[in-house]
Every structure is written in C-alpha cells, then in structure tokens.
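User: I would like to go through this model step by step. Please answer my questions as we go.
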Amino acid sequence: MTKPRVLIAEELSPATVEALGPDFEIVHCDGADRAALLAAISDVDAILVRSATQVDAEAIAAAPRLKVVARAGVGLDNVDVKAATQAGVMVVNAPTSNIVSAAELAVGLLLASARNIVPANSALHKGEWTRSKYTGVELADKTVGIVGLGRIGILVAQRLSAFGVRLVAYDPYVQPARAAQLGVRMMPLDELLAESDFITVHLPKTPETVGLIGEDALRKVKPSVRIINAARGGIVDEDALYRAISEGRVAGAGLDVYAKEPCTDSPLFTLESVVATPHLGASTDEAQEKAGIAVARSVRLALAGELVPDAVNVQGGQLAAPIRPLVPLAEKVGQIASSLASDAVERVDVEVLGDVIEHDVRVLELSALKGVFQILVHDPVSFVNAPVLAEQRGVEVALTTEADSGDHRCLVRVILTLTGGSTVSIAGTVTGSRNVSKVVEIDGFDVDVPISDHLAIFRYHDRPGVVGVVGRILGEAGVNIGSMQVSRDDTGHALIVLSVDSAIPTESLDAITSHIDAHSGRAVALV
C-alpha cells in the first residue's frame with residue numbers, strides 16, 4: 001500500500017515531522033506561491049499550513065484526495081472552512097498552542113509602553129543619554145481594562161494581578177461571579193473606557209468587533225491611557241488611534257496586529273509613544289512546537305479514521321453507527337439554544353434519550369457544548385476546547401441519559417440555565433433513512449421542523465391572521481419559507497418556528513415582531 005501523502009506548505013517546527021512519524025510520505029512546497037500550491041495539493045491527503053497559505057475554495061477544489069487541512073495555530077482566517085465542509089474535508093487547528101505566548105507578548109507590550117522602553121533603547125543606541133525624556137508610569141494601583149475575558153484575556157489578568165493593578169473587563173458572555181473568582185470586575189465597555197489607565201484587547205475579529213475601539217471609543221478614555229492590541233488587526237481603528245495619540249487624547253499604544261498585514265508604513269510607526277511588533281503573538285519556539293505537534297497528531301488520527309478532538313467542522317472517528325448522525329444534531333441543537341439565550345449561560349444540561357444510550361454518548365455532550373459556544377464566542381471552538389471555555393466562564397455542564405425517548409426513536413435535548421434564572425430548552429432528533437435533523441421541542445412547545453441554516457422563532461399570544469402576516473413580510477423581503485409550524489399551549493400562548501432559505505433582514509424580523517405583537521422574535525443562523 002502507498003503511504004498517505006502529507007503536504008507541508010510552510011516552515012514548521014521539526015517536531016511536527018517527528019510527530020507525524022514514518023507512516024506518511026511528506027512533501028513540501030511554498031504555500032505563498034499560488035501556482036506551486038495548486039500543483040502540489042492536487043494529489044495529497046492532508047496539508048499543514050500556518051498563516052501565509054490560502055486554503056480557499058479554489059485550492060480545495062484542486063485537491064480531490066484531500067481529507068484534512070491542518071492549521072498549525074489558532075486562527076483560521078486563511079482557511080475556507082465552509083468550502084472544506086462542503087467538500088467533506090476536515091479542518092483542524094491547535095486552539096491552545098499559542099495562548100501563553102500571546103498573553104506574555106501583550107504584557108510585554110503593556111510594560112514597554114508604560115516605561116517607554118523602545119524609544120529609550122533607540123536613543124541610547126544613538127548615543128543619547130536622555131533619562132528625563134522617557135519618564136514612565138508604574139502599573140501598581142492602576143486600572144487595567146481587559147476587553148475580552150477569554151482564554152488569553154484570563155492569562156493576561158492572572159499575570160498582571162502580580163503587579164498590584166485593579167482589573168476590570170468587558171465581555172458580555174462571561175458571568176460576573178466567574179470573573180470575581182479571577183479578581184476581575186465586569187463592567188460595560190463605556191465604563192471600562194472611562195476608568196482604565198491601560199486597555200488591552202483580547203477579542204476575535206468579527207463584524208461586531210471590527211473598529212470597536214474607534215473614534216467614538218477613543219473620545220471616552222483618559223488622556224493618560226495606553227492601549228494594547230495583540231489580538232487581531234482592525235479591532236482598534238488605527239487611523240483613529242493615530243489621531244488620538246497625535247492630539248494628546250491617548251498617551252501611547254502597544255501593537256502587534258494590524259488591519260492589513262504585512263504592515264510596514266503605518267503613520268503610527270512615526271510616533272515614539274507607539275511600541276510596534278510584526279505580529280509576533282505566536283512567534284515563540286514553544287508555541288510553534290506545540291502547534292506543530294498538535295496538528296500532526298490530528299492528521300494522524302484523521303487519516304486513521306479515528307476521533308479528532310480538534311476538528312472544527314467535519315467530525316471523524318470511530319463512533320457507533322447510531323451515534324454518528326446525532327453528533328451534528330447535538331451541535332445544531334446547542335447552537336439554537338444559545339441563539340435564544342437572553343442572558344449569560346450559567347449551566348448547560350445535555351439529555352440523551354432512547355436506546356442509543358447503550359453506546360458511549362459522551363461525544364454528544366461535547367458536540368452540544370461546542371454548538372453552544374460557537375454562538376457565544378468567536379474563537380474557533382472544537383471538541384477539545386469547548387469544556388475549557390465552559391470552565392473558564394464558570395459554566396456547569398452535565399450529561400444525563402434515559403432509555404425512554406417518548407414518541408421519537410432518539411432525542412437530544414439541551415437546556416441552558418441563564419444568569420437571570422430563566423431557561424432555554426431545545427430538543428432535536430433525526431428521522432428517516434437520510435437521518436434528517438429536526439427540532440421537535442422548544443421550551444415545552446411541540447414542533448416538527450427540519451433544521452436549516454436559517455431559522456426564525458416567534459412567541460406571541462395566539463390569534464387569527466398571524467401566519468398570513470409572517471408570510472407577507474417575508475415574501476416582501478424575498479425570503480422563501482422552507483417550512484413553518486405553529487404550536488400553542490392551553491393558556492393561549494403560541495410559538496411559530498420557520499426554516500427559511502436565506503437570512504431574514506433585521507428590519508423584516510422587527511416588522512414581524514411588531515405586527516404580531518410578539519413577546520420575542522429571534523433569527524437563528526447556524527454556524
């Protein structure tokens with residue numbers, strides 16, 4: 001038998017090849033050379049990349065044998081996960097490989113900014129002894145605002161606590177009680193901006209976070225504030241930051257990431273009070289080795305047909321046949337439940353019902369948890385880091401099983417307990433020879449709707465004409481309804497759930513909610 005071919009498209013740690021072992025034929029190319037990449041990828045089973053290689057739909061289409069794309073790092077900006085999923089290609093990454101390195105760099109940038117280390121070093125190299133010019137500030141007794149209290153934000157908080165600072169944070173998905181255990185006080189973003197002496201950003205880059213620290217935000221800060229961004233370029237508006245520093249509204253900054261990279265000519269680089277590094281967050285020997293080893297192990301597992309914990313899309317592995325269709329179902333049910341949550345999540349209960357409990361169903365708990373956090377956070381979520389995300393946020397998780405599944409041959413139910421005391425409960429099943437995923441219960445209302453990429457759920461007091469209003473408004477918006485069902489209880493409360501072919505515009509959703517006097521209206525877009 002010929003060995004599976006693995007393409008290494010960028011320079012990786014030597015430990016990566018060692019972790020792959022002798023069972024593979026390893027080939028190399030320069031992934032940044034497009035022609036070379038498309039030629040080399042045409043007959044390989046797996047490709048390992050870092051950030052410079054674009055594994056897009058064209059590259060995936062040129063690789064009929066491809067089974068795994070492995071990103072030796074955290075971000076997946078250079079991998080078209082949707083195209084890979086459609087082609088049945090597994091995408092894996094190393095979600096925890098660089099978190100220590102990134103946190104340490106953020107702390108380093110903060111210290112360098114506080115003490116003017118970079119310009120003082122430059123001056124001394126030029127033969128200038130100008131001590132008074134580079135007077136800095138202490139961290140002790142200052143307020144540090146952490147924007148994004150995820151894995152890296154927590155590590156930064158833990159390290160900075162030793163400096164005697166007051167730690168505050170903004171993250172709508174972290175419970176205040178959990179933050180308090182870390183010595184961090186949660187607060188709204190505007191309050192954090194106004195109170196902080198240092199602001200360090202640790203958010204993923206999403207449409208909601210791009211430009212979050214922009215012109216408006218930078219007019220709410222202290223003139224003595226120093227802003228650190230070692231997360232993703234574009235979250236801090238670089239033009240607005242340049243103006244704020246130039247006008248004396250911000251004292252300085254430490255930057256490792258930029259809206260467009262590579263970046264070598266930013267106006268910010270002309271300012272002495274800006275410490276700048278060329279995206280070095282993951283650039284340590286330790287992080288690169290950890291990333292390479294992690295993805296090499298995932299490639300070995302994937303090509304052997306075994307369970308791959310770090311898979312971010314297609315789930316492989318040796319699972320019992322009845323369990324396999326329930327893995328994506330549990331993830332979708334988790335996403336739907338999380339989309340309907342109105343407060344932070346305190347507890348996730350996963351219930352598996354039916355004779356499937358004769359098999360090991362623990363992967364369904366992981367899958368449901370993965371779905372829940374895919375909505376709550378924007379970092380890549382995998383089977384291995386979903387429990388870590390829950391632990392970091394103080395979210396309790398429990399799995400229960402029961403043989404009796406009622407009217408369905410099997411059932412997966414996800415119940416979220418929220419900080420306000422309310423709950424969200426969604427149950428789903430698979431039916432037919434093709435194992436079609438369906439939602440069969442929403443907060444006690446019985447429904448039977450196939451799960452599509454786009455759903456909408458409205459709660460209202462039952463009365464005639466509602467279905468017509470919904471159909472009319474969606475028709476005017478050009479949104480086609482795949483299925484629709486109304487369910488009601490004995491008190492006159494009703495719920496309508498729809499699967500639709502495309503996203504519902506916000507104005508249409510608001511119009512339906514208003515016209516039918518709904519208690520709530522939510523659009524659900526599955527990731």
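Analyst: A definition comes first: rings of Phe, Tyr and Trp (its six-membered ring) pair if their centres lie within 6.5 Å. Planes over 60 degrees apart count as edge-to-face, and those under 30 degrees as stacked. The model is predicted.

User: How many aromatic pairs does the structure hold, and of which kind?
Analyst: The structure holds 1 aromatic pair. The ring centres of Y258 and F269 are 5.7 Å apart, and their planes stand at 90 degrees. Planes over 60 degrees apart count as edge-to-face. The 1 aromatic pair is therefore edge-to-face.

User: How many residues apart in sequence are the parts that this pair ties together?
Analyst: Y258 lies in the loop between β11 (252-255) and β12 (274-276), and F269 lies in the loop between β11 and β12 as well. The pair therefore ties together parts whose separation in sequence is 11 residues.

User: Which peptide bond is cis?
Analyst: P262 is found in the loop between β11 and β12. Most peptide bonds are trans. Here omega is near 0 degrees, and the cis bond is the one from E261 to P262.

User: What is the phi of D141?
Analyst: D141 sits in the loop between α6 (117-125) and β6 (143-147). Most residues other than glycine have a negative phi. D141 is not glycine, yet its phi is positive, near 70 degrees.

User: How do the axes of α5 and α7 lie to each other, and why?
Analyst: Two packed helices are described by the angle between their axes and the distance between the axes. The axes of α5 (residues 99-114) and α7 (residues 151-160) come within 9 Å and cross at roughly 50 degrees. Angles from 35 to 65 degrees are neither roughly parallel nor roughly perpendicular. That makes α5, relative to α7, oblique.

User: How many residues of the contact of α5 with α7 are charged?
Analyst: On the α5 side the contact includes I99, V100 and E104, and on the α7 side it includes I152 and R159. The contact residues divide into 11 nonpolar and no polar, and the number charged is 2.

User: Which are the edge strands of the sheet with the order β20-β21-β19-β22?
Analyst: This open sheet has 4 strands with antiparallel pairing. Within the sheet, β19 (residues 454-461) pairs with β21 (residues 493-500) over 8 bridges. An edge strand pairs on one side only, and the edge strands are β20 (481-488) and β22 (520-525).

User: Which helix lies across β19 and β22?
Analyst: The helix runs at about 145 degrees to β22. It covers residues 326-339 and is α13.

Terms used:
Residues numbered from 1 in each chain as written. Predicted model: local features only at pLDDT ≥ 70, side-chain atom pairs only at ≥ 80, totals over all residues. Heavy atoms only, no water. Axes fitted to C-alpha atoms, helices over the stretch in contact; angles between N-to-C directions. Helix = DSSP H or I, 4+ residues; strand = E, 2+ residues; numbered from the N terminus. Parallel < 35°, antiparallel > 145°, perpendicular 65-115°, else oblique. Contact = heavy atoms within 4.5 Å. Nonpolar A, V, L, I, M, F, W, Y, C, P; charged D, E, K, R; others polar. Pairing = 2+ DSSP bridges.
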